[in-house]
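Q: I have a model open here and would like to talk through its fold before I go further. Could you walk me through it?

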Amino acid sequence: MSEMEKQLLQVLVDREVITKGQAELAYQEEVRSGKPMLRVLLERNMLPERELVRAQALVAGLYFIDVSVEEAEPSALTLVPVEIARRQLVLPMRVTDDDQLLVAMAEPKNHLAVEAVTQASGKAVVANAAYRADLVAAIDRYYGAPAVAD
């Protein structure tokens, strides 16, 4: 087990997302089958994928934004065109007091995506992690569902 996996498991246990017993069961399955522990936990529905993304963000030193709960400010949404929001899976959340654009992203360490948002918005970007499926739904909610070709 890698150091990163150990940190993730510790965060998940500390946050009471999984129990120590579930972690042990997943470890035993990894030893037996070679399947990674986190995959075991996900496949057995012991670990919601959203919580894994949240834990990964914490371990990476990133803030996690739950876009299914937190509201984006309309003024922030106008700074990023829908095409960029969809292509980069990014949702502008708000402009900070020091004039930075706070965004939720599926891949907050994707420097090319951050640069695209910076160029489009004209603001420095503070990238935060978000769960991919929630981002897709939130982008549809705020910008409108994409047109479907007949």
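A: We can take the sheet, the cores and the first helix in turn, keeping in mind that this is a predicted model.

Q: Sheet first, then: what is the strand order?
A: The order is β1-β2-β3 in an open sheet of 3 strands, and the pairing is mixed. The edge strands are β1 and β3, each of which pairs on one side only. Averaged over neighbouring strands and with direction ignored, the turn of one against the next is 30 degrees.

Q: Which sense does each pair have, parallel or antiparallel?
A: Strand β1, residues 90–95, and strand β2, residues 101–105, are paired in the antiparallel sense over 5 bridges, whereas β2 and β3 run parallel and are joined by 5 bridges.

Q: Which residues are partners across those pairs?
A: On the β1 side, Pro92 has Val103 in β2 as its bridge partner, and towards β3, Ala104 stands opposite Asn128.

Q: And what links β1 to β2?
A: The two strands form a hairpin with 5 residues between them, and in that turn Asp99 has a positive phi of about 65 degrees.

Q: Does anything pack on the sheet, and at what angle to β1 does α8 run?
A: Helix α8 lies across β1 and β2, and its direction makes an angle of about 65 degrees with β1.

Q: Switching to the interior, how many residues does the largest nonpolar core have?
A: That core has 27 residues, and those with the most contacts inside it are Val67, Leu91, Met93, Val103 and Val117. At least two of its residues come from each of α5, α6, β1, β2, α7, β3 and α8, and the largest share, 5 residues, is supplied by β2.

Q: Val103 came up twice; what does it touch?
A: Leaving aside residues up to four places away in sequence, Val103 touches Ile65, Val90, Leu91, Pro92, Met93, Val117, Val125, Val126, Ala127 and Asn128.

Q: Is there another core, and which residues are in it?
A: There is another one lying apart from the largest core, with 18 residues that include Leu9, Ile18, Met37 and Leu38.

Q: Now the first helix: how far does α1 reach?
A: Helix α1 covers residues 3–14, and its 12 residues reach 16 Å from the first C-alpha to the last, close to the 16 Å expected at 1.5 Å a residue.

Q: Which of its residues are buried, and what covers them?
A: Glu5, Leu8, Leu9, Val11, Leu12 and Val13 are buried in α1, and the elements covering them include α2, α3 and α4.

Q: What about the phi of Glu16, after the helix?
A: Glu16, which follows α1, has a positive phi, near 60 degrees.

Terms used. Residues numbered from 1 in each chain as written. Predicted model: local features only at pLDDT ≥ 70, side-chain atom pairs only at ≥ 80, totals over all residues. Heavy atoms only, no water. Pairing = 2+ DSSP bridges. Helix = DSSP H or I, 4+ residues; strand = E, 2+ residues; numbered from the N terminus. Core = buried A, V, L, I, M, F, W, Y, C linked by side-chain atoms within 4.5 Å. Buried < 20%, exposed > 50% of the residue type's maximum accessible area, 1.4 Å probe, protein only. Contact = heavy atoms within 4.5 Å. Axes fitted to C-alpha atoms, helices over the stretch in contact; angles between N-to-C directions. Expected span 1.5 Å × (residues − 1).
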